[in-house]
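Please read the following report alongside the sequence and the three-dimensional view, taking the ligands in turn and then the interior of the protein.

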Amino acid sequence: MAASSTIADKCMKAYNHVFNPSLFKGQVAFITGGGSGICFTIAEVLMRHQCSTIIASRKLERVQQAAEELSKVTGQRCLPIQMDVRKPKEVVAGVQQAMREFGKINILVNGAAGNFVCPAASMSFNAFKTVLEIDTMGTFNTSKAVFDEYMRDNGGVIINISATLAYKATVLQCHASAAKAAIDSMTKSLAVEWGPLGIRVVGIAPGPIDDTEGIRKLAGPLAESIPKRIPLRRMGTKVDIADCAVFVASPAASYITGDTIVVDGGDWMTAPNDAEMRLESMKSLL
Ligand code: NAP
Ligand code: COA
């Protein structure tokens, strides 16, 4: 579904459990951007492991519809919350509402993000700032609010959804590259500062993920050729990322913190990154 619409995503028809289906019984996850795309599937897969969730984003109607679908299919509780991760007051209010409803937040997934292709030469000051504010500041704002309201005293796991953009200075995305690189840096800093309190902070950097707003907005006409260039010869799926999130949040990852795990089939190492070629092939998106 298009993320710009207010129509929520649908759950999978079937899911094969790799981990114990009751892995997160009694736990609660707060997921920003959980009303659509990759983070909707992260919510679904956590719930299929008996986790309760809170999904938070700007469009209330979409998170409400998504929560209804997620609860109906998984039988677990899902609370929709309207908040803009750029606005600390709204974030704190959202986290406090979640605490009133559930009394705990064991897992935080920072997935809210914004992106579009745009050459740096024609990017406005506000365009650059907007993406940094959603991705980077949004990740800090939500992490800090959850830390203050619950994790400082109780520990937990924070999962930051990143990207591989900055590994090769991806052209036409200087804003999102900078934003995600800053998130990776924050993943390390918070892991070091909050590790002694029993908080693990881990990043997940997806490659191109099929059937997402990200790929619709960023790949354009290049989408078709993507599988051919990826060493594992296929696009990633939303479940690939959700399964990694399950692993990261599970005790199987209890000694992992500060790192960002790349889930991209080997893509970033081989993907072409030529500015002129991309500009030419992506004219329709600019
Ligand atoms: P998506 O469906 O557009 O997800 C982005 C979510 O962020 C939306 O649910 C949106 O909901 C929410 N959001 C945007 N601005 C917000 C704000 N200011 N406050 C609160 N929520 C906000 O995109 P996706 O492709 O699944 O991407 C999900 C994550 O994976 C992102 O972090 C993205 O950078 C990362 N990623 C994706 C890919 C890919 O191939 N798709 C690759 C690498 C990394 P509202 O509009 O309701 O606010
Ligand atoms: N190309 C160039 N500039 C763009 C742009 C594009 N495609 N889209 C937006 N901008 C600019 C706007 O012109 C504005 O700058 P200005 O004030 O100088 O004109 C600035 O970015 C902010 O745009 P606005 O639409 O006011 O921001 P918003 O807060 O309503 O929306 C976005 C944020 C722009 C990131 C929007 O694309 C969004 O909501 N994205 C969420 C979904 C998403 O991107 N998913 C993919 C995740 S990988």
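In this predicted model, ligand 1 has 29 residues around it, and of these Ser36, Ser57, Arg58, Asp84 and Thr212 come nearest. The shell around ligand 1 divides into 13 nonpolar, nine polar and seven charged residues. Helices H1 and H6 each supply at least two residues of that shell, and H6 gives the most to it, with three residues.

Polar atoms of the protein approach both ligands, and the table lists pairs of this kind.

| Residue and atom | Ligand atom | Distance |
|---|---|---|
| Gly33, polar backbone atom | ligand 1, oxygen | 3.3 Å |
| Ser36, N or O atom in the side chain | ligand 1, oxygen | 2.7 Å |
| Asp84, polar side-chain atom | ligand 1, nitrogen | 2.8 Å |
| Asn115, backbone N or O atom | ligand 2, oxygen | 3.0 Å |
| Ser124, polar side-chain atom | ligand 2, oxygen | 2.6 Å |
| Lys217, polar side-chain atom | ligand 2, oxygen | 2.8 Å |

With Asp84, a polar side-chain atom lies 2.8 Å from a nitrogen atom of ligand 1, and the protein covers 91% of the 870 Å² of accessible area that ligand 1 has on its own. For ligand 2, where a polar side-chain atom of Lys217 lies 2.8 Å from an oxygen atom, the ligand taken alone exposes 930 Å², of which the protein buries 56%.

Ligand 2 has 15 residues around it, and those that come nearest are Arg58, Arg86, Ser124, Asn126 and Lys217. Arg58 is thus named among the nearest residues for ligand 2 and also among the nearest for ligand 1. The shell around ligand 2 is made up of five nonpolar, six polar and four charged residues. Helix H4, which spans residues 125–154, and helix H6, which spans 213–218, each supply at least two residues of this shell, and its largest share, four residues, comes from H4.

Asn115, whose backbone was listed above beside ligand 2, lies in the loop between E4 and H4. Its relative accessibility is 15%, and Asn115 therefore counts as buried. A polar contact of 2.7 Å joins the side chain of Asn115 to that of Gln173. Leaving aside neighbours within four places in sequence, Asn115 is in contact with Leu165, Gln173, His175, Ala176, Lys217 and Leu218, so that one of the residues it touches, Lys217, is itself among those that come nearest to ligand 2.

Helix H4 also holds Ser143. Is Ser143 buried or exposed? Because its relative accessibility is 0%, Ser143 counts as buried. A polar atom of the side chain of Ser143 lies 2.7 Å from the backbone oxygen of Thr139. Not counting residues up to four places away in sequence, Ser143 touches Leu108, Asn110, Ile158, Asn160, Leu190 and Trp194.

The interior can be followed next through its nonpolar cores. The largest nonpolar core has 36 residues, and those with the most contacts inside it are Ile42, Ile55, Ile159 and Ile204. Two or more residues of this core are given by each of strand E1 (28–32), helix H1 (37–47), helix H2 (60–74), strand E4 (107–110), strand E5 (156–161), strand E6 (199–206) and helix H8 (238–249). The largest share of the core, eight residues, comes from H1. For Ile204, leaving aside its neighbours within four places in sequence, the residues in contact are Ile159, Asn160, Ile161, Ser162, Ile241, Cys244, Ala245, Val248, Thr260, Ile261 and Val263. A second, separate core has 29 residues, including Ile81, Ile105, Ala191 and Ile199.

One further residue of the interior is Ile54, which lies in strand E2, residues 52–57. Why does Ile54 count as buried? Ile54 counts as buried because its relative accessibility is 0%, under the 20% cut-off. Not counting residues up to four places away in sequence, Ile54 touches Val28, Ala29, Phe30, Ile31, Leu79, Ile81, Ala98 and Phe102. Ile54 and Ala98 are 44 residues apart along the chain, and their C-alpha atoms are separated by 6.9 Å.

Terms used
Residues numbered from 1 in each chain as written. Chains lettered and ligands numbered in written order. Predicted model: local features only at pLDDT ≥ 70, side-chain atom pairs only at ≥ 80, totals over all residues. Heavy atoms only, no water. Near = heavy atom within 4 Å. Polar contact = N/O pair within 3.5 Å; in protein donor to acceptor, adjacent residues only side chain to side chain. Areas by Shrake-Rupley, 256 points an atom, 1.4 Å probe, with all protein chains shown as cover. Nonpolar A, V, L, I, M, F, W, Y, C, P; charged D, E, K, R; others polar. Core = buried A, V, L, I, M, F, W, Y, C linked by side-chain atoms within 4.5 Å. Buried < 20%, exposed > 50% of the residue type's maximum accessible area, 1.4 Å probe, protein only. Contact = heavy atoms within 4.5 Å.
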